[in-house]
Amino acid sequence: MSEDSAARASLRTAAILTVFTLVFTTLMAATYRATKPAIEASAEAEKMKLVGEVLPDALYDNAPLADWVDLAPCAELGLAAQDDPVRLLRARKAGAPAALVFEAVAPDGYGGRIRLILAVGADDRLLGVRVIGHKETPGLGDYIDPKKDRNKAAPWIRQFDAKGFGEVPAAEWTVKKDGGRFDARAGATISARAVTNATRRALQFAVDQRDKLYALPAQSKLEKEGQ
Amino acid sequence: MNFRDIARNGIWKQNTSLVQLLGLCPLLAVSTSFVNGVSLAVATIFVMALSSGTVASVRSFIPHEIRIPVFILIIAALVTVVDLAMNAWLHELYLVLGIFIPLIVVNCIVLARVEAFAAKNTPLAAAWDGAMMGVGMAVAIAVLGGLRELIGTGTLFSGIEMVIPGTRALQVLPADYPGFLVAILPPGAFLVLGFLIAGRNWLDARAEQRARLAAPARTAA
């Protein structure tokens, strides 16, 4: 008899837990469905805002978010083989190449990886670089992000604007402490060095692969050389 | 227990951050600045009031043996709903608070209040208790974040332009203040929290001593 009631009690408990799970899963699923379009729209706007940080609106008239090429992870972009592919966006004006926008990583920051977004114009000059993710020391190395840079008039990262290998040869594209041309704040050279070197590698990649990158069909994938 | 007692309990007597020392992980991680700390606290107040209220309304249907899984289910579902809804309709605010909201699920003060209070009280009292526990945390994290920011960088309210556009951070100490890095780094969080707990205990002890001194005097008179 007691065994029977124990079995009944556990069945009842299981049923109640199931009902709770169903009700709250339904609640979550309904919210997910109701919010999905709005979330996607804001994610898209967010991404375009990020692109707009490095790519002036006047330079293009296509939809770069739809004109993408996925790049296999490679050392030039600071990525290891197991990383996700990088989505490169292409901006065009009246069909002619205008700029390449892509993410790169500085793997050797003081606090690990520093994620960058770069726009390289069709003239092989950088249009702009921004830090989109980092773990550098707050108040010390985080001036690489213009939002944290105390020098609001001329943020550190802006010295890359409109620079190409014509202005600064690749051999001198590093911080002054390493014999290069770019400034770094005293006491926090590692973050600046990492960003500067990553920018050089990424720019070199964009210059070397420029014609191929613009020519690839939209929404395709660029495999690694020799694969 | 009336509403005033609940508020006193949440904000001072049973303050989650300074007395119960619960939910220290988000408290210490996020209190690098005043705005960050208060933002997390606002999200926590909201989730605690909501989950305590919900649990209290369905408390008679929850068998004692499986209450913990059900509580966790309810809290996690509500946090997910809040997270999605904020992402969709309050996107600007979500960009600031977004990273903190999933942290609330693992904040044990939510589960602790649901278990200790909401499961035994009416929905209104439970929601009030959740909100007041959150306010207690908000006060602690505001002081903690404000002090760490002030000592660490010499500013107050940095990052407020992301929450209220058009405003800007306050430079409290002179602009050439070199900053005191340890206050921003994790050890600074423990140090400042230690001083806050000590300060709170001192205030309590002083109040108790005064009450003891005052009590016999009153009976004599």
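## A sheet in chain A and a helical chain B

A:Gly109 stands opposite A:Gly112 in strand 4 of chain A, and this pair of glycines offers a convenient place to enter the structure, which is a predicted model. The two glycines belong to a hairpin in which two residues link strand 3 of chain A to strand 4 of chain A. Strand 3 of chain A covers residues 96-109 and strand 4 of chain A covers residues 112-121, and the two run antiparallel, joined by nine bridges. Further along this ladder, A:Glu103 is set opposite A:Ile117 of strand 4 of chain A.

From here the sheet can be followed in either direction. On one side, strand 4 of chain A is joined to strand 5 of chain A by six bridges, again with the strands antiparallel, and within this pairing A:Arg115 faces A:Gly133 of strand 5 of chain A. The hairpin of strand 4 and strand 5 of chain A has four residues between its strands, and in it A:Asp124 adopts a positive phi near 70°. On the other side, strand 3 of chain A pairs with strand 2 of chain A in the antiparallel sense over five bridges, with A:Ala99 of strand 3 of chain A serving as the bridge partner of A:Ala91. Two residues lie between the strands in the hairpin of strand 2 and strand 3 of chain A, where A:Ala94 has a positive phi near 50°.

Continuing past strand 2 of chain A (residues 86-93), the reader comes to strand 1 of chain A (residues 68-71), and these two strands pair in the antiparallel sense over four bridges. In this pairing A:Asp70 stands opposite A:Arg87 of strand 2 of chain A. Taken as a whole, the sheet of chain A is open and has six strands in the order 5-4-3-2-1-6, with mixed pairing. Its edges are formed by strand 5 (126-133) and strand 6 (220-222) of chain A, each of which pairs on one side only. From one strand to the next, the twist averages 30°. As a general matter, the strands of a sheet pair through backbone hydrogen bonds, in either a parallel or an antiparallel arrangement.

The surroundings of the sheet come next. Helix 2 of chain A (residues 189-208) lies across strand 3, strand 4 and strand 5 of chain A, and runs at about 140° to strand 3 of chain A. Strand 4 of chain A is largely enclosed by the rest of the structure, because seven of its 10 residues are buried. Over chain A as a whole, 30% of the 227 residues count as buried. The chain contains three helices and six strands, which follow the pattern α-β-β-β-β-β-α-α-β along the sequence. Among the contacts of chain A with a separation of 6 or more, 54% are made by residues 24 or more positions apart.

Chain B is built from 12 helices and two strands, and from the N terminus on its elements run α-α-α-α-α-α-α-α-α-β-α-β-α-α. Buried residues make up 43% of its 221 residues, and residues 24 or more positions apart account for 76% of its contacts with a separation of 6 or more.

Helix 8 of chain B (residues 108-116) shows how one of these helices is placed, its buried residues being B:Ile109, B:Val110, B:Arg113 and B:Val114. Viewed down the axis of helix 8 of chain B, these buried residues fall within an arc of 135°, and they therefore line one face of the helix. An α-helix has 3.6 residues a turn, so residues three or four places apart point the same way. The buried residues of helix 8 of chain B pack against helix 2 (16-20), helix 4 (34-57), helix 5 (67-89), helix 7 (101-105) and helix 9 of chain B.

Where the two chains meet, the contact takes 17 residues from chain A and 23 residues from chain B. On the side of chain A that touches chain B, 11 of the residues are nonpolar, six are polar and none is charged.

The confidence of the prediction remains to be considered. For the complex, the predictor gives an ipTM of 0.73 and a pTM of 0.69. Chain B has a mean pLDDT of 85, with 96% of its residues reaching 70 or more. Within chain B, confidence is highest in helix 9 (residues 123-153), at a mean of 91, and lowest in helix 10 (residues 160-163), at a mean of 72.

Technical notes:
Residues numbered from 1 in each chain as written. Chains lettered and ligands numbered in written order. Predicted model: local features only at pLDDT ≥ 70, side-chain atom pairs only at ≥ 80, totals over all residues. Contact = placed C-beta atoms within 7 Å. Nonpolar A, V, L, I, M, F, W, Y, C, P; charged D, E, K, R; others polar. Pairing = 2+ DSSP bridges. Axes fitted to C-alpha atoms, helices over the stretch in contact; angles between N-to-C directions. pLDDT = per-residue confidence, 0-100. Buried ≥ 20, exposed ≤ 12 C-beta atoms within 10 Å, placed from the backbone. Arc of directions from axis to C-beta.
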